[in-house]
Amino acid sequence: METGAISRLLQPTKVSSSGFANFTSNSSICCSQKRLLPAYHSSHGGREMNSDEREITVLSSEPTLKKSSVVGGLSLHRPVHKRDVVGKTFCSVGLSTYPGSIVESSSQIAEEKIGVLLLNLGGPDTLHDVQPFLFNLFADPDIIRLPRLFRFLQRPLAQLISVLRAPKSKEGYAAIGGGSPLRKITDEQASALKMALETKEVLANVYVAMRYWHPFTEEAVHQIKRDGITKLVVLPLYPQYSISTTGSSVRALQNIFKEDSYLSRLPVAVIESWYQRQGYIKSMANLIEQELHTFTKPEEVMIFFSAHGVPVSYVENAGDPYRDQMEECIFLIMKELKARRINNDHTLAYQSRVGPVQWLKPYTDEVLVELGQKGVKSLLAVPVSFVSEHIETLEEIDMEYKELALESGIENWGRVPALNCTSSFITDLADAVIEALPSTMAMSTSTGTEEEVDNDPMQYFLKMLFGSLLAFVFLFSPKMVSAFKKNVL
Ligand SMILES: C=CC1=C(C)c2cc3[nH]c(cc4nc(cc5[nH]c(cc1n2)c(C)c5CCC(=O)O)C(CCC(=O)O)=C4C)c(C)c3C=C
Ligand SMILES: [Fe+2]
């Protein structure tokens, strides 16, 4: 089985049942390799690599391989021992959050300073932040993927969409207390991870880099440099890889690193996805099992996995492995539950679509209505693409989808909490970091053409002409604006 999500972008692979059959429940092996990355998007605003091929060290747990070995050029390492401490949370030990989102270690060894960089999406701290946060999100070419010719429209379009969407988003954030809890929870996860590493005798500073709000990637990287970190493990807080999440954050990081002589020589390992790790799967199964017991008839409850969607084109045209990894992930969680004699029905649907394009199906809202009509009476919603509570669990699932489900005939509703600082989960993240440490390598800069250069004046003129015409039609036609408001937002 292919090991790296990024390499799947070269040749997308589908999940096959024979692949599932090979999964073993107690092996999780790390592999690392320098891979050549395809240019599935290109430069914009100086943030993108825009090279035909890029190099990065990637890591991926590979449950089909059982022994430490070198296979096909991949060096494989046995995982460091695992300890699952079920039922406690590291966050509850009383660690407070800290300015600048770093957890520092007092007794660092002079010659080796290990850093762990947690990547996350970020969210507005206050209602005032909502529109600029949305601007940052929509200005990301990995979120709105415009054809190369129209890339220069990215920022005006982001401005337009963010202004038009802000009122609706603000309502959502207002309903959950006036801002996103993401920063606080991610800081707590960083503290918990630092403690978990310490109990395994690994001293490390843990940093947080958000993609669209504070603390931005640049802020975290500044602190890493200031602290003189000598080895860095990058850990995205997304179990499954998507171009729109981990892909986007890693590219932002690469762009910062390639500009800096210290950073470009810093040994780095990126754990690209970890949805198949036993600690994660077991932690999810624990939460589901606990929540099932809150129902009067647990065996009759439909387990309803709801994942954040992505546009279909990401998976079908750009080779995003997100759907495959999501399906594998659900398979593994259900396998773990079956091993515990929990044989409930389950289903997977995708939520939170934005805009007029097709997103991964089936859609959560449509499936809820169908299940209600089919007579399902008890349902347990399981948010599965994200490991912290956020607007889409607290508002979309707990309020909007719950209301829809009850209206559709579902009588008993439950929702599995996000993992947040669940100790078995944090312990597993610590293991993932330790396993990744031997694989750190310098992130080398790309060898291809770095920037798209408009050398040909005629080509440049034509691009500007067509682009401006499109911008004019799109931005200034009242019909377009009202159609846009109706369909896109
Ligand atoms: C795995 C998780 C996520 C994927 C994949 C993802 C893709 C994706 N998201 C949007 C648009 C929006 N996302 C928004 C917020 C948001 N999204 C995720 C996770 C994934 N997004 C999180 C954790 C959050 C932040 C939550 C918080 O608490 O602040 C928003 C803003 C909120 C809103 O207005 O609904 C938008 C918009 C796209 C277009 C996309 C894939 C292309
Ligand atoms: Fe999102």
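**Exercises on ligand 1 and D260**

An oxygen atom of ligand 1 is 2.9 Å from a polar backbone atom of I391. The model is predicted, so local features need pLDDT of at least 70, side-chain atom pairs count only at pLDDT 80 or more, and totals for chains, interfaces and linings use all residues. Residues are numbered from 1 along each chain as written, ligands are numbered from 1 in the order written, and side-chain values use heavy atoms, without hydrogens and water.

**Exercise 1.** Describe the surroundings of ligand 1.

*Solution.*
- Step 1: The shell holds 28 residues, each with a heavy atom within 4 Å of the ligand; R165, S169, Y173, S180 and I391 are the closest.
- Step 2: By class, 17 are nonpolar, nine polar and two charged.
- Step 3: α3 (130-138) is among the helices that supply at least two shell residues each, and α3 gives the largest share, four residues.
- Step 4: A polar side-chain atom of S180 lies 2.8 Å from a ligand oxygen, and one of H308 lies 3.0 Å from a ligand nitrogen.
- Step 5: Ligand 1 alone exposes 790 Å², of which the protein buries 96% (Shrake-Rupley method, 1.4 Å probe).

**Exercise 2.** Locate D260 and state its contacts.

*Solution.*
- Step 1: D260 sits in the loop between α7 (243-258) and α8 (261-265).
- Step 2: D260 is buried at 15% relative accessible area (buried means under 20%, with a 1.4 Å probe and protein chains only).
- Step 3: The D260 side chain makes a polar contact with the K225 side chain at 2.4 Å (a pair of N or O atoms within 3.5 Å, one able to donate a hydrogen and the other to accept it within protein; residues adjacent in sequence count only if both atoms are side-chain atoms).
- Step 4: A polar atom of the D260 side chain also lies 2.9 Å from the backbone nitrogen of Y262.

Definitions and conventions: Buried means under 20% relative accessible area, exposed over 50%, partly exposed in between (1.4 Å probe, protein chains only). Ala, Val, Leu, Ile, Met, Phe, Trp, Tyr, Cys and Pro count as nonpolar, Asp, Glu, Lys and Arg as charged, and the others, Gly among them, as polar.
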